[in-house]
Amino acid sequence: MSPQFMSANILLVSENKETARSVSAILDMQGLPPVIHVENSKQAKSLLIETDMDIVVIDVIPGQDAGIALATELTRSRSTGFGTILLMRRDELERSRYQTERMGIVTLQKPLDGHLLTQTIHLLLNFQLRIQKLQSQAEILQHKLEDDRLINRAKLLLVEKLKMSEEEAHRYLEQSAMDACVKKVKVAREIIRKYSGKHAK
């Protein structure tokens, strides 16, 4: 099992202690970390302020909409990308299917199928890993674009202030970076500061 899965934070919101024991036993059998169990939405919200969760499992009490309302509220307000799973009876599941699917909330039918629960958790955790990698790649690309912008700005200043050709400006940046054993963007920032009188941002 992936090391990331072993350290995953899984929150279970359930008033039913038997459900909490059942979910904990299922996850333990599959080598997943123990669930963090709270009994109501107030405790769940408080905990989510303090701790980043990867998965939130909500046990919906038959005849009550509190669990669905909590899942909807958390999904709308979440700042981190945890996955949300609702455990529901068949009739409750059918009644709220449109609302939950539209919000990207996964619903599982009770009585609980242990294999389906762990498979769903694995899929959600894998999806989150992919999202994190994409976000990391996007950040790297954003930094590269910003560096390129500064380098091009520095080249234009060299062309304007020192009457270099674009090719000469390019070589000057590369050579200066090599001589000082620094990245080109650092040289570019110095050129911008020197010739424009402004600090590069």
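What follows is a walk through this structure, from its sheet out to its surface. The model is a predicted one, so local features are taken where pLDDT is at least 70 and side-chain atom pairs only at pLDDT 80 or more, while totals for chains, interfaces and linings use all residues. Residues are numbered from 1 along each chain as its sequence is written, and side-chain values use heavy atoms, with hydrogens and water left out.

Let's start with the sheet. It is open, has 5 strands in the order β2-β1-β3-β4-β5, and the pairing is parallel. At the edges sit β2 (36-38) and β5 (106-110), each of which pairs on one side only. From one strand to the next the twist averages 20°. A word on the terms: strands (E, at least two residues) and helices (H or I, at least four residues) are DSSP runs, numbered from the N terminus, and two strands pair if DSSP finds at least two bridges between them. As background, strands of a sheet pair through backbone hydrogen bonds, either parallel or antiparallel.

Now look at β3. Strand β1 (residues 10-13) is joined to β3 (residues 55-59) by 4 bridges, and the two run parallel. Along that seam, L11 stands opposite V56 and L12 stands opposite V57. Next to β4, β3 has 5 bridges, again in a parallel arrangement; here I58 has L86 of β4 as its bridge partner.

How well covered is β3? Mostly: 5 of its 5 residues are buried, where buried means under 20% relative accessible area, exposed means over 50%, and partly exposed is in between (1.4 Å probe, protein chains only). In a regular strand the side chains alternate between the two faces of the sheet. In β3, I55, V57 and D59 point one way, V56 and I58 point the other way, and all are buried.

Which helices lie across the sheet? Helix α3 (residues 41-50) lies across β1, β2 and β3, running at about 160° to β1. Helix α6 lies across β1, β3, β4 (83-89) and β5, and its angle to β4 is about 160°. These angles run from 0 to 180 degrees between N-to-C directions, with axes as lines fitted to C-alpha atoms, for helices over the stretch in contact. Contact, here and below, means heavy atoms within 4.5 Å.

For a residue's view of α6 against the strands, try T120, which lies in that helix. Leaving aside residues up to four places away in sequence, T120 touches I85, V106 and L108. Its relative accessibility is 9%, so T120 counts as buried.

K110 is another one to click on. This lysine sits in strand β5 and has 19% relative accessibility, so K110 counts as buried. Again not counting residues up to four places away in sequence, K110 touches D59, V60, L87, M88, R89 and R90. As for R90, it is 20 residues from K110 in sequence, yet their C-alpha atoms are 7.0 Å apart in space.

On to the charges. Side chains of opposite charge can pair when their charged atoms come close. A salt bridge is taken as a side-chain nitrogen of Lys or Arg within 4 Å of a carboxyl oxygen of Asp or Glu, and by this rule there are 12 salt bridges. One of them links E18 and R21, whose closest N and O atoms are 2.9 Å apart. Both residues lie in helix α2 (residues 17-29), 3 residues apart, about one turn of the helix. E18 is partly exposed, with a relative accessible area of 49%.

In helix α6, R149 and E146 make a salt bridge at 2.6 Å, N to O. They are 3 residues apart, so about one helical turn separates R149 from E146. Both ends are partly exposed: R149 has a relative accessible area of 40%, and E146 comes in at 25%. K161 and E160 meet in another salt bridge, at 3.9 Å, N to O. K161 is partly exposed at 42%, as is E160 at 47%.

Finally, the surface. F127, I131 and L134 form a nonpolar patch there, with about 290 Å² of accessible area together. F127 lies in helix α6 (residues 114-162). Patches are made of residues with over 30% relative accessible area and no salt bridge, joining like charges within 9 Å and nonpolar side chains (Val, Leu, Ile, Met, Phe, Trp, Tyr) within 5 Å. The areas come from the Shrake-Rupley method with a 1.4 Å probe, and for residues only the protein chains shown count as cover.
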